[in-house]
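Dear colleague,

I am passing on to you the structure we spoke of, and I would be glad if you kept it open while reading the notes that come after it.

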Amino acid sequence: MQALWMVLAALIFATMGVCVKIASDWFTSAELVFYRGLIGMLFMWALARQRGLSLATSYPGMHAWRSLIGVFSMGAWFYAIAHLPLATAMTLNYMSSVWIAAFLVGGALLAWVPVPGRDGRVARPPLQGPLVLTVLAGFGGVVLMLRPSVDGSQGFAGLVGLMSGLTAAFAYMQVVALSRVGEPESRTVFYFAVGSAVAGGLVTLFGNATPWAEWTWQHGLWLLPVGVLAALGQLCMTRAYATAKSQAGTLVVANLQYSGIVFAAVYSVVLFGDRIDAAGWAGMVLIVGSGIAATVLRQRSLPKAPAEEH
(Lines give C-alpha, C1' and ligand atoms only; values in the text may rest on other atoms or scores of the structure.)
Protein backbone atom coordinates (compact mmCIF):
# COMPACT_ATOMS: atom_id res chain seq x y z
CA MET A 1 0.00 0.00 0.00
CA GLN A 2 2.84 2.40 0.75
CA ALA A 3 4.01 2.10 -2.86
CA LEU A 4 0.53 2.92 -4.15
CA TRP A 5 0.31 5.94 -1.85
CA MET A 6 3.59 7.30 -3.22
CA VAL A 7 2.63 6.71 -6.86
CA LEU A 8 -0.66 8.49 -6.17
CA ALA A 9 1.24 11.39 -4.59
CA ALA A 10 3.52 11.62 -7.63
CA LEU A 11 0.51 11.64 -9.96
CA ILE A 12 -1.16 14.37 -7.88
CA PHE A 13 1.96 16.57 -7.91
CA ALA A 14 2.33 16.14 -11.68
CA THR A 15 -1.35 17.06 -12.11
CA MET A 16 -0.79 20.12 -9.95
CA GLY A 17 2.01 21.07 -12.34
CA VAL A 18 -0.48 20.93 -15.21
CA CYS A 19 -2.82 23.29 -13.34
CA VAL A 20 0.07 25.65 -12.57
CA LYS A 21 1.09 25.75 -16.24
CA ILE A 22 -2.45 26.52 -17.38
CA ALA A 23 -3.04 29.11 -14.65
CA SER A 24 0.26 30.82 -15.57
CA ASP A 25 -1.51 32.30 -18.59
CA TRP A 26 -3.42 34.62 -16.23
CA PHE A 27 -1.45 34.68 -12.96
CA THR A 28 2.15 35.52 -12.10
CA SER A 29 4.34 33.09 -10.18
CA ALA A 30 3.98 35.25 -7.04
CA GLU A 31 0.19 35.15 -7.31
CA LEU A 32 0.24 31.38 -7.72
CA VAL A 33 2.48 31.04 -4.66
CA PHE A 34 0.08 33.26 -2.70
CA TYR A 35 -3.05 31.33 -3.63
CA ARG A 36 -1.42 27.94 -3.16
CA GLY A 37 -0.25 29.03 0.28
CA LEU A 38 -3.65 30.47 1.23
CA ILE A 39 -5.59 27.39 0.15
CA GLY A 40 -3.00 25.05 1.68
CA MET A 41 -3.06 26.99 4.96
CA LEU A 42 -6.84 26.64 5.27
CA PHE A 43 -6.66 22.97 4.28
CA MET A 44 -3.94 22.12 6.83
CA TRP A 45 -5.67 24.16 9.56
CA ALA A 46 -8.88 22.17 9.05
CA LEU A 47 -6.93 18.90 9.06
CA ALA A 48 -5.05 19.80 12.25
CA ARG A 49 -8.31 20.80 13.91
CA GLN A 50 -9.90 17.48 12.94
CA ARG A 51 -6.94 15.55 14.37
CA GLY A 52 -6.73 17.68 17.51
CA LEU A 53 -3.19 18.81 16.67
CA SER A 54 -2.05 22.13 18.09
CA LEU A 55 -0.40 24.45 15.56
CA ALA A 56 1.51 26.37 18.23
CA THR A 57 5.27 25.94 17.86
CA SER A 58 8.33 26.46 20.01
CA TYR A 59 10.57 26.89 16.95
CA PRO A 60 9.28 29.92 15.01
CA GLY A 61 12.76 30.80 13.73
CA MET A 62 13.29 27.36 12.20
CA HIS A 63 9.89 27.49 10.52
CA ALA A 64 10.61 31.00 9.21
CA TRP A 65 13.88 29.90 7.59
CA ARG A 66 12.26 26.78 6.12
CA SER A 67 9.42 28.91 4.72
CA LEU A 68 11.79 31.51 3.27
CA ILE A 69 13.88 29.10 1.24
CA GLY A 70 10.85 26.92 0.47
CA VAL A 71 8.88 29.84 -0.95
CA PHE A 72 11.85 30.87 -3.10
CA SER A 73 12.10 27.30 -4.41
CA MET A 74 8.37 27.14 -5.15
CA GLY A 75 8.34 30.49 -6.94
CA ALA A 76 11.30 29.43 -9.07
CA TRP A 77 9.60 26.12 -9.86
CA PHE A 78 6.33 27.79 -10.87
CA TYR A 79 8.27 30.21 -13.10
CA ALA A 80 10.04 27.28 -14.75
CA ILE A 81 6.74 25.46 -15.29
CA ALA A 82 5.30 28.56 -16.97
CA HIS A 83 8.25 29.02 -19.36
CA LEU A 84 9.57 25.49 -19.98
CA PRO A 85 8.10 22.18 -21.12
CA LEU A 86 6.38 20.65 -18.11
CA ALA A 87 8.61 17.54 -18.13
CA THR A 88 11.76 19.68 -18.10
CA ALA A 89 10.57 21.90 -15.24
CA MET A 90 9.48 18.92 -13.14
CA THR A 91 12.75 17.07 -13.70
CA LEU A 92 14.89 20.07 -12.74
CA ASN A 93 12.94 20.46 -9.50
CA TYR A 94 13.43 16.77 -8.68
CA MET A 95 17.20 17.41 -8.82
CA SER A 96 17.01 18.26 -5.11
CA SER A 97 18.26 14.79 -4.10
CA VAL A 98 21.30 15.19 -6.34
CA TRP A 99 22.01 18.61 -4.84
CA ILE A 100 21.86 17.07 -1.34
CA ALA A 101 24.43 14.49 -2.47
CA ALA A 102 26.62 17.33 -3.77
CA PHE A 103 26.36 19.06 -0.39
CA LEU A 104 27.43 15.84 1.36
CA VAL A 105 30.49 15.56 -0.87
CA GLY A 106 31.41 19.22 -0.40
CA GLY A 107 30.82 19.04 3.35
CA ALA A 108 33.10 16.02 3.71
CA LEU A 109 35.88 17.77 1.80
CA LEU A 110 35.52 20.98 3.83
CA ALA A 111 35.59 19.05 7.10
CA TRP A 112 38.70 17.10 6.12
CA VAL A 113 41.82 18.09 8.08
CA PRO A 114 45.21 17.08 6.59
CA VAL A 115 46.87 15.33 9.55
CA PRO A 116 50.09 13.35 8.89
CA GLY A 117 50.02 9.71 9.87
CA ARG A 118 52.72 7.68 11.62
CA ASP A 119 54.63 7.26 8.39
CA GLY A 120 54.64 11.02 7.85
CA ARG A 121 52.27 10.86 4.90
CA VAL A 122 49.08 12.87 4.71
CA ALA A 123 46.01 10.75 4.03
CA ARG A 124 43.89 11.66 1.05
CA PRO A 125 40.51 13.31 1.68
CA PRO A 126 37.46 11.04 1.59
CA LEU A 127 36.51 10.72 -2.08
CA GLN A 128 33.07 9.12 -1.50
CA GLY A 129 33.05 7.56 -4.94
CA PRO A 130 29.34 6.60 -5.14
CA LEU A 131 28.22 10.11 -4.15
CA VAL A 132 30.60 11.74 -6.63
CA LEU A 133 29.39 9.50 -9.46
CA THR A 134 25.79 10.22 -8.49
CA VAL A 135 26.35 13.97 -8.65
CA LEU A 136 28.22 13.77 -11.98
CA ALA A 137 25.48 11.62 -13.51
CA GLY A 138 22.81 14.04 -12.34
CA PHE A 139 24.49 17.07 -13.83
CA GLY A 140 25.24 15.13 -17.00
CA GLY A 141 21.50 14.55 -17.27
CA VAL A 142 20.90 18.29 -16.86
CA VAL A 143 23.24 19.05 -19.75
CA LEU A 144 21.49 16.53 -21.98
CA MET A 145 18.05 17.87 -21.08
CA LEU A 146 18.73 21.57 -21.39
CA ARG A 147 20.70 21.46 -24.62
CA PRO A 148 18.00 19.79 -26.74
CA SER A 149 14.89 21.13 -25.03
CA VAL A 150 15.72 24.73 -24.08
CA ASP A 151 16.26 27.33 -26.78
CA GLY A 152 17.86 30.74 -26.34
CA SER A 153 14.69 32.41 -25.06
CA GLN A 154 14.25 29.68 -22.44
CA GLY A 155 17.80 29.69 -21.13
CA PHE A 156 16.99 31.90 -18.15
CA ALA A 157 13.97 29.76 -17.26
CA GLY A 158 16.24 26.70 -17.34
CA LEU A 159 18.60 28.31 -14.83
CA VAL A 160 15.64 29.27 -12.64
CA GLY A 161 14.38 25.67 -12.78
CA LEU A 162 17.80 24.42 -11.75
CA MET A 163 17.77 26.93 -8.89
CA SER A 164 14.40 25.57 -7.75
CA GLY A 165 15.98 22.16 -7.20
CA LEU A 166 18.97 23.67 -5.37
CA THR A 167 16.84 25.66 -2.95
CA ALA A 168 14.47 22.70 -2.52
CA ALA A 169 17.48 20.77 -1.20
CA PHE A 170 18.15 23.50 1.39
CA ALA A 171 14.47 23.49 2.35
CA TYR A 172 14.46 19.70 2.75
CA MET A 173 17.48 19.79 5.06
CA GLN A 174 15.58 22.26 7.24
CA VAL A 175 12.56 19.92 7.25
CA VAL A 176 14.90 17.17 8.50
CA ALA A 177 16.10 19.51 11.27
CA LEU A 178 12.51 20.27 12.26
CA SER A 179 11.64 16.59 12.39
CA ARG A 180 14.61 15.96 14.68
CA VAL A 181 13.33 18.46 17.25
CA GLY A 182 9.94 16.75 17.23
CA GLU A 183 7.85 18.98 15.01
CA PRO A 184 5.02 17.01 13.33
CA GLU A 185 4.99 17.23 9.55
CA SER A 186 1.47 18.68 9.45
CA ARG A 187 2.65 21.65 11.49
CA THR A 188 5.69 22.14 9.24
CA VAL A 189 3.50 22.07 6.13
CA PHE A 190 1.05 24.52 7.73
CA TYR A 191 3.73 27.13 8.49
CA PHE A 192 5.19 26.69 5.03
CA ALA A 193 1.74 27.47 3.63
CA VAL A 194 1.54 30.54 5.87
CA GLY A 195 4.93 31.70 4.62
CA SER A 196 3.85 31.12 1.02
CA ALA A 197 0.71 33.20 1.46
CA VAL A 198 2.59 36.05 3.15
CA ALA A 199 5.56 36.13 0.76
CA GLY A 200 3.47 35.65 -2.37
CA GLY A 201 1.07 38.36 -1.26
CA LEU A 202 3.85 40.87 -0.51
CA VAL A 203 5.65 40.26 -3.82
CA THR A 204 2.38 40.60 -5.72
CA LEU A 205 1.40 43.75 -3.86
CA PHE A 206 4.71 45.62 -4.15
CA GLY A 207 6.32 44.02 -7.19
CA ASN A 208 3.45 44.28 -9.67
CA ALA A 209 2.26 47.49 -11.29
CA THR A 210 -1.29 46.12 -11.35
CA PRO A 211 -1.56 43.78 -8.35
CA TRP A 212 -4.57 41.50 -8.15
CA ALA A 213 -5.37 42.17 -11.80
CA GLU A 214 -8.89 41.38 -12.85
CA TRP A 215 -9.60 37.82 -13.85
CA THR A 216 -12.76 35.91 -14.54
CA TRP A 217 -14.14 33.16 -12.35
CA GLN A 218 -13.24 30.66 -15.09
CA HIS A 219 -9.58 31.65 -14.66
CA GLY A 220 -9.87 31.57 -10.88
CA LEU A 221 -11.15 27.99 -10.94
CA TRP A 222 -7.61 26.85 -11.81
CA LEU A 223 -6.32 28.24 -8.50
CA LEU A 224 -8.37 25.83 -6.39
CA PRO A 225 -6.78 22.59 -7.68
CA VAL A 226 -3.28 24.10 -7.34
CA GLY A 227 -3.72 24.48 -3.58
CA VAL A 228 -5.87 21.41 -2.95
CA LEU A 229 -3.72 19.04 -5.04
CA ALA A 230 -0.56 20.29 -3.32
CA ALA A 231 -2.05 19.49 0.11
CA LEU A 232 -3.44 16.11 -1.01
CA GLY A 233 -0.13 15.15 -2.62
CA GLN A 234 1.74 15.96 0.57
CA LEU A 235 -0.73 13.95 2.67
CA CYS A 236 -0.41 10.92 0.35
CA MET A 237 3.39 11.18 0.48
CA THR A 238 3.35 11.41 4.28
CA ARG A 239 1.01 8.41 4.45
CA ALA A 240 3.36 6.44 2.20
CA TYR A 241 6.32 7.08 4.52
CA ALA A 242 4.23 6.39 7.62
CA THR A 243 3.10 2.96 6.37
CA ALA A 244 6.60 1.86 5.34
CA LYS A 245 7.61 -0.48 8.17
CA SER A 246 11.19 -1.27 7.15
CA GLN A 247 14.20 0.50 5.70
CA ALA A 248 13.75 -1.40 2.43
CA GLY A 249 10.14 -0.27 2.28
CA THR A 250 11.16 3.31 2.95
CA LEU A 251 13.69 3.15 0.09
CA VAL A 252 11.03 1.86 -2.29
CA VAL A 253 8.67 4.64 -1.26
CA ALA A 254 11.34 7.34 -1.55
CA ASN A 255 12.36 6.22 -5.03
CA LEU A 256 8.82 5.93 -6.34
CA GLN A 257 8.48 9.71 -6.02
CA TYR A 258 10.39 9.90 -9.32
CA SER A 259 7.40 8.38 -11.09
CA GLY A 260 6.15 11.98 -11.01
CA ILE A 261 8.64 12.75 -13.79
CA VAL A 262 7.08 9.99 -15.91
CA PHE A 263 3.59 11.39 -15.33
CA ALA A 264 4.84 14.90 -16.13
CA ALA A 265 6.41 13.67 -19.37
CA VAL A 266 3.14 12.06 -20.44
CA TYR A 267 1.21 15.24 -19.62
CA SER A 268 3.83 17.32 -21.41
CA VAL A 269 3.57 15.35 -24.64
CA VAL A 270 -0.16 14.61 -24.64
CA LEU A 271 -1.64 17.85 -23.25
CA PHE A 272 0.85 20.49 -24.36
CA GLY A 273 2.32 18.94 -27.50
CA ASP A 274 5.93 19.20 -26.27
CA ARG A 275 8.51 17.24 -28.23
CA ILE A 276 11.26 15.45 -26.31
CA ASP A 277 14.01 13.97 -28.47
CA ALA A 278 16.35 11.08 -27.65
CA ALA A 279 18.89 13.26 -25.84
CA GLY A 280 16.13 14.77 -23.71
CA TRP A 281 14.81 11.35 -22.72
CA ALA A 282 18.37 10.17 -21.98
CA GLY A 283 18.94 13.18 -19.73
CA MET A 284 15.69 12.47 -17.92
CA VAL A 285 16.72 8.86 -17.34
CA LEU A 286 20.12 9.98 -16.02
CA ILE A 287 18.54 12.42 -13.58
CA VAL A 288 16.02 9.84 -12.37
CA GLY A 289 18.78 7.25 -11.94
CA SER A 290 21.07 9.63 -10.08
CA GLY A 291 18.16 10.82 -7.95
CA ILE A 292 17.33 7.24 -6.96
CA ALA A 293 20.99 6.55 -6.12
CA ALA A 294 21.20 9.76 -4.09
CA THR A 295 18.01 8.84 -2.24
CA VAL A 296 19.38 5.40 -1.36
CA LEU A 297 22.60 6.93 -0.02
CA ARG A 298 20.65 9.56 1.90
CA GLN A 299 18.32 7.02 3.50
CA ARG A 300 21.32 5.06 4.73
CA SER A 301 22.68 8.10 6.56
CA LEU A 302 19.20 9.44 7.55
CA PRO A 303 17.07 6.29 8.00
CA LYS A 304 14.06 8.17 9.40
CA ALA A 305 14.15 11.20 7.10
CA PRO A 306 10.77 12.84 6.45
CA ALA A 307 9.04 13.08 3.08
CA GLU A 308 10.10 15.67 0.55
CA GLU A 309 7.70 18.40 -0.60
CA HIS A 310 6.89 19.43 -4.16
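Below is what was found in the structure, taken one topic at a time.

Please bear in mind throughout that this is a predicted model.

I begin with helix α7, which runs over residues 155-180 and so counts 26 residues by the numbering used here. From its first C-alpha to its last, α7 reaches 38 Å, which is close to the 38 Å expected at 1.5 Å a residue. Just after α7, the chain comes to G182, which takes a positive phi of about 95°.

The charged contacts come next, and here the search of the whole structure finds one salt bridge. This salt bridge is formed by R187 with E183, and the closest N and O atoms of the two are 2.7 Å apart. Are its two partners buried or exposed? R187 counts as buried because its relative accessibility is 11%, where the cut-off for burial is under 20%, and E183 is likewise buried, with a relative accessible area of 8%.

Turning to the aromatic side chains, the count comes to six aromatic pairs. One of them joins F27 and Y35, which meet edge-to-face at 6.1 Å centre to centre, with 70° between the planes; both F27 and Y35 are buried. F190 and Y191 form another aromatic pair that is edge-to-face, with their centres 5.3 Å apart and 75° between the planes, and F190 is buried, its relative accessible area being 10%. Beyond the pairs, F27 and Y35 belong, together with F34, to one aromatic cluster.

Two rings also carry a positively charged side chain over them, as you can check in the model. The charged end of K21 sits over the ring of F272, at 5.8 Å from its centre, while R66 lies over the face of F192, at 4.1 Å from the ring centre.

Finally, there is the surface, where V262, V266, V269, V270, L271 and W281 form a nonpolar patch whose accessible area comes to about 550 Å² together. Which helix gives the most to this nonpolar patch? That is helix α12, residues 259-272, which contributes five residues, and L271 lies in this helix α12. As a general point on such helices, residues three or four places apart point the same way, because an α-helix has 3.6 residues a turn.

With best wishes

Key
Residues numbered from 1 in each chain as written. Predicted model: local features only at pLDDT ≥ 70, side-chain atom pairs only at ≥ 80, totals over all residues. Heavy atoms only, no water. Helix = DSSP H or I, 4+ residues; strand = E, 2+ residues; numbered from the N terminus. Expected span 1.5 Å × (residues − 1). Patch = residues over 30% accessible without salt bridge, like charges linked within 9 Å, V, L, I, M, F, W, Y side chains within 5 Å. Areas by Shrake-Rupley, 256 points an atom, 1.4 Å probe, with all protein chains shown as cover. Salt bridge = Lys/Arg side-chain N within 4 Å of Asp/Glu carboxyl O. Buried < 20%, exposed > 50% of the residue type's maximum accessible area, 1.4 Å probe, protein only. Phe/Tyr/Trp six-rings, centres within 6.5 Å; stacked < 30°, edge-to-face > 60°. Lys NZ or Arg CZ within 6 Å of the ring centre and 35° of its normal.
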